[in-house]
Amino acid sequence: MTSASATDVWLPFDADEIEGLPEGLNYRFWDGGRDYPADPSDCAFYVVPYMKGPEVAVRPLQEMRAVQVVQTLSAGIDHVQPGLGLLPAGVRLCNAKGVHEASTAELALALVLASLRGFPGFVHGQDKEEWRSGFYPALADKSVLVVGYGSIGAAIEDRLEPFECARVVRVARSARATARGPVHAIEELPALLPEADIVILSTPLNPSTQGLVGPGFLAAMRDGALLVNVARGAVVDTAALLSELESGRLRAALDVTDPEPLPAGHPLWHAPHTLITPHVGGSTSAFLPRAKRLLAGQLTRFAAGEAVDNLVLTTG
């Protein structure tokens with residue numbers, strides 16, 4: 001039997017480690033382990049364990065008949081979407097806007113600079129005690145296209161600003177104006193891609209973006225352009241990207257892949273002009289303090305009966 005006055009909060013952190021949590025709620029620690037910390041039917045606020053995958057994220061949802069808020073600790077919600085149909089109507093799903101912008105934008109810039117300046121080759125050269133001098137591209141004077149201009153896309157532009165780029169072009173689902181300039185609609189990509197030296201993907205994964213970067217998208221990119229993916233692996237058609245990389249026409253720097261984790265023996269590991277990092281865009285020292293501030297604020301609003309922030313959708 002579900003509780004109409006459920007007050008349990010499931011957290012992937014010890015409540016004692018989070019300053020500012022409101023009193024009057026029952027805090028239960030669950031980080032995706034086999035055993036639940038309490039009866040899921042008493043959970044009112046569920047904080048999804050971070051980076052534990054969709055199987056863990058969705059597992060308790062069917063039993064959470066009194067849950068009111070599901071809070072992710074990621075900017076994306078694709079890992080919980082398979083279980084939303086298990087929830088009763090009226091459950092609010094919130095994402096972690098404000099938590100990952102700094103870390104993900106830092107990595108996007110690091111991937112751009114490392115790829116342009118040939119850092120993978122320098123690392124291999126150091127291993128072999130080889131002095132690999134040469135002439136390398138700079139970020140200065142490059143045209144950058146940011147596909148997915150939400151809070152992370154804006155944070156990426158913040159970090160590009162001091163590097164004397166020729167221009168930064170912004171693309172989102174729909175066109176709008178910002179203080180920095182126009183944001184183009186995603187339908188304009190065919191005209192924008194041929195002008196970009198660097199294309200950075202920071203879009204969420206949803207039905208409209210899955211496979212967005214397919215053969216047509218890649219063919220429209222100019223020769224020698226660099227594709228940087230800090231979004232989700234499935235935004236890119238891996239086979240189509242491999243074809244372009246193996247031909248030598250494009251370069252890539254990928255924090256996410258499809259499949260993920262990338263299995264041993266996959267050809268993407270050894271594709272030419274490709275730098276791969278293991279989905280570490282948000283996994284930095286900046287994560288915990290921002291995540292804890294988010295949860296303290298969200299739970300304070302929840303306990304006071306106020307609207308929670310970062311609302312993505314409400315189940316119907």
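**View 1. The second largest cavity in this predicted model.** Its volume comes to about 30 Å³. Lining this space are Ser143, Val144, Leu145, Arg167, Val169, Leu192, Glu195 and Ala196. Two elements give two or more residues each to that lining: strand S6 (143–147) and strand S7 (167–172). S6 is the top contributor, with three residues. Sorted by type, the lining splits into five nonpolar residues, one polar and two charged.

**View 2. The largest cavity, with its ten-name guest list spelled out.** Here the enclosed space is about 50 Å³. The walls are made by Asn229, Gly233, Val236, Thr238, Leu241, Leu254, Val256, Thr257, Asp258 and Leu268. Five of these lining residues are nonpolar, four are polar and one is charged. If you're tallying voids, the count is two cavities of 30 Å³ or more.

**View 3. The largest nonpolar core, 31 residues in all.** Leu145, Val199, Leu201, Phe217, Met221 and Leu227 have the most contacts inside this core. Elements that put in two or more residues are S6, S7, helix H5 (189–192), strand S10 (198–201), helix H6 (215–220), helix H7 (238–247) and strand S12 (251–254). H7 supplies the largest share, four residues. As a bit of background, nonpolar side chains in soluble globular proteins tend to be buried together. Leu145 turns up twice in these views: in the lining of the second largest cavity and among the residues with the most contacts in this core.

**View 4. Leu201 and the residues around it.** Which residues does Leu201 touch, once those up to four places away in sequence are set aside? They are Val147, Val213, Phe217, Leu227, Val228, Asn229, Val230, Ala231, Val235 and Val236. Two of these names, Asn229 and Val236, also belong to the lining of the largest cavity.

**View 5. A second, separate nonpolar core.** This one has 27 residues, including Tyr149, Ile152, Cys165 and Val228. Val228 is also one of the residues that Leu201 touches.

**View 6. Helix H2, residues 101–116.** From first C-alpha to last, the 16 residues of H2 reach 23 Å, close to the 22 Å expected at 1.5 Å a residue. Why call H2 largely enclosed by the rest of the structure? Because 13 of its 16 residues are buried, with under 20% relative accessible area as the cut-off. Just past the end of H2, Gly118 adopts a positive phi of about 75°.

Methods:
Residues are numbered from 1 along each chain as its sequence is written. This is a predicted model: local features need pLDDT of at least 70, side-chain atom pairs count only at pLDDT 80 or more; totals for chains, interfaces and linings use all residues. Side-chain values use heavy atoms; hydrogens and water are left out. On a 1 Å grid over the protein atoms alone, a cavity is a set of points where a 1.4 Å probe fits but cannot get out, and a pocket is an open set with protein on both sides within 12 Å along at least five of seven lines; lining residues have an atom within 4 Å of a point. Grid points are joined across faces, edges and corners, and a volume is the space filled by probe spheres set on the points. Ala, Val, Leu, Ile, Met, Phe, Trp, Tyr, Cys and Pro count as nonpolar, Asp, Glu, Lys and Arg as charged, and the others, Gly among them, as polar. A nonpolar core is a set of buried Ala, Val, Leu, Ile, Met, Phe, Trp, Tyr and Cys residues joined through side-chain atoms within 4.5 Å. Buried means under 20% relative accessible area, exposed over 50%, partly exposed in between (1.4 Å probe, protein chains only). Contact means heavy atoms within 4.5 Å. The expected span of a helix is 1.5 Å times one less than its number of residues.
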